[in-house]
Amino acid sequence: MSETTSDLRETARRLDSHDPLAKRRELFALDDAVYLDGNSLGALPAHVPDRMADVITREWGRLRIRSWDESGWWTAPERIGDRIAPLVGAAPGQIVVGDSTSVNVFKAVVAAARLAGDDRDEILVDATTFPTDGYIAESAARMTGRTLVPVDPAEVAAAAGPRTAAALVNHVDFRTGRLHDLPGITAALRAAGALAVWDLCHSAGALPVGLDAHGVDLAVGCTYKYLNGGPGSPAYLYVAERHQAAFDSPLPGWNSHADPFAMTPGYAAADGAVRGRVGTPDILSMLALEAALDVWDGVAIEDVRAKSLALTDFFLECVRAYVPTGAVESLTPEAHEERGSQVALRCEAAPAVMAELIARGVVGDLRRPDVLRFGFTPLYVGFADAERAARVLAEVVADVMGDAAAGAADGGRTV
């Protein structure tokens, strides 16, 4: 073992021994792999299978239709929304859980345009956004008679003006892990008379958001990443209390009706965040999410942020120490105020490298054509994981580069 490797392993052991969140790891069903893909799908909290067995066998199997009342199924979207609220800095009564992120983006952007009024004819959208957000924003703009204007996130504040109805921005860029200026952009939009709609998919559960404190108007997010809700778990919609009375959903379903069981032909919206509901909730995935949120009990999001930054700092230090110079390039900002909870590394042989990393027990993901993406989920990822991931990355890069060089020297033939 080299002196550098020995030193970094010892540093990892020391940091793990002083980690106030280290015990949280025991709450998850983990194996020997280093799992750095929680920014795509969070790990399974170990108690969720037993909870879901009870939901299926007792609540569904024995109580059946009675569970809408007796097991609290009907009120789950608001109840679970109130559990997510502290993680994103929202007071109770402003978040409703249900539908997919894409559906909630559509609701939020159309509703924001309607709230802004007919004299504002532009919707700004993060030009680097996750593609679906762009597709949805374009459709919402067409439906509301607005023009969609793609803008670099750093330029949104300057681009907002008297024609701006709303802006849809990602809090953290899904490719690079860059953290965008939610307080500053929100304030600039408000000063311009426009509404701020934030996508929190890559920030909620990883860092403080401060929806209420920063005056955000509307926000959406998924729950299967840092919140560990499970594959396809329902998303959520935040509607600031000051907008709820005027919130005009483009998808007025029976679940958001003021009297849903009256079955009247005319629509009358319910009060509060319930207006964000549409149809019958996905109860099984909803209740799996509710159970998964137990791992957050007693956790301060500020402690999560502190560990996230320490983990990504340490991983980058290990990468610099282990990986051959020039083999990878970090796309993730060094400045803490500009960094989410992932590290993105550009690598020429990224597809082959990630495939081999996974084969060797380090699970990240690939963003084509050349980005290796590693998500650091502080509740169950430790510093020893970060050191091991960087060390295996160095071995894989050396092997892949060596194979490529050998192939080139042999005229591209493999032997």
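Reader: Where does Phe174 lie?
Author: In this predicted model, Phe174 sits in the loop that runs between β5 (164–170) and α8 (182–191).

Reader: Is Phe174 buried or exposed there?
Author: Phe174 is buried, and its relative accessible area is 6%.

Reader: Which residues is Phe174 in contact with, leaving aside its neighbours within four places in sequence?
Author: Phe174 then contacts Thr128, Thr129, Phe130 and Pro131, together with His202, Gln342, Arg367 and Arg373.

Reader: And how many residues apart in sequence are Phe174 and Asn39?
Author: The two are separated by 135 residues in sequence, while their C-alpha atoms are 8.8 Å apart in space.

Reader: Turning to the chain as a whole, how many helices and strands are there?
Author: The chain has 12 helices and 13 strands. Its C-alpha atoms fill a box of roughly 75 × 55 × 45 Å along the principal axes.

Reader: What radius of gyration does the chain have, against that of a compact globule?
Author: The chain has 23 Å, which agrees with the value near 22 Å for a compact globule with 415 residues. Of these 415 residues, 54% count as buried.

Reader: Among contacts between residues at least 6 apart in sequence, what share join residues at least 24 apart?
Author: That share is 73% in this chain.

Reader: Now the interior. Which residues touch the most other members of the largest nonpolar core?
Author: Leu200, Trp296, Phe315 and Leu345 do, in a core of 90 residues. Helix α12 (residues 383–409) supplies the largest share of this core, with 10 residues. There is also a second, separate core of 27 residues, and Val125, Ala166, Val220 and Leu237 are among its members.

Reader: What does Leu345 contact, leaving aside neighbours within four places in sequence?
Author: Its contacts include Phe315, Leu316, Val319 and Val328, as well as Phe374 and Leu393. Polar residues appear in the list too, including Glu329, Ser330 and Asp370.

Reader: How many disulfides does the count come to?
Author: The count comes to zero.

Reader: Why is there no bond for Cys318?
Author: The closest cysteine sulfur, in Cys347, is 18 Å from the sulfur of Cys318, so the two are too far apart for a bond. A pair would need its sulfur atoms within 2.5 Å to count as a disulfide.

Reader: Are Cys318 and Cys347 buried or exposed?
Author: Cys318 counts as buried, at 0% relative accessibility. Cys347 also counts as buried, at 4%.

Methods: Residues are numbered from 1 along each chain as its sequence is written. This is a predicted model: local features need pLDDT of at least 70, side-chain atom pairs count only at pLDDT 80 or more; totals for chains, interfaces and linings use all residues. Side-chain values use heavy atoms; hydrogens and water are left out. A nonpolar core is a set of buried Ala, Val, Leu, Ile, Met, Phe, Trp, Tyr and Cys residues joined through side-chain atoms within 4.5 Å. Buried means under 20% relative accessible area, exposed over 50%, partly exposed in between (1.4 Å probe, protein chains only). Helices (H or I, at least four residues) and strands (E, at least two) are DSSP runs, numbered from the N terminus. Contact means heavy atoms within 4.5 Å. The radius of gyration is taken over C-alpha atoms; the globule rule is 2.2 Å times the number of residues to the power 0.38.
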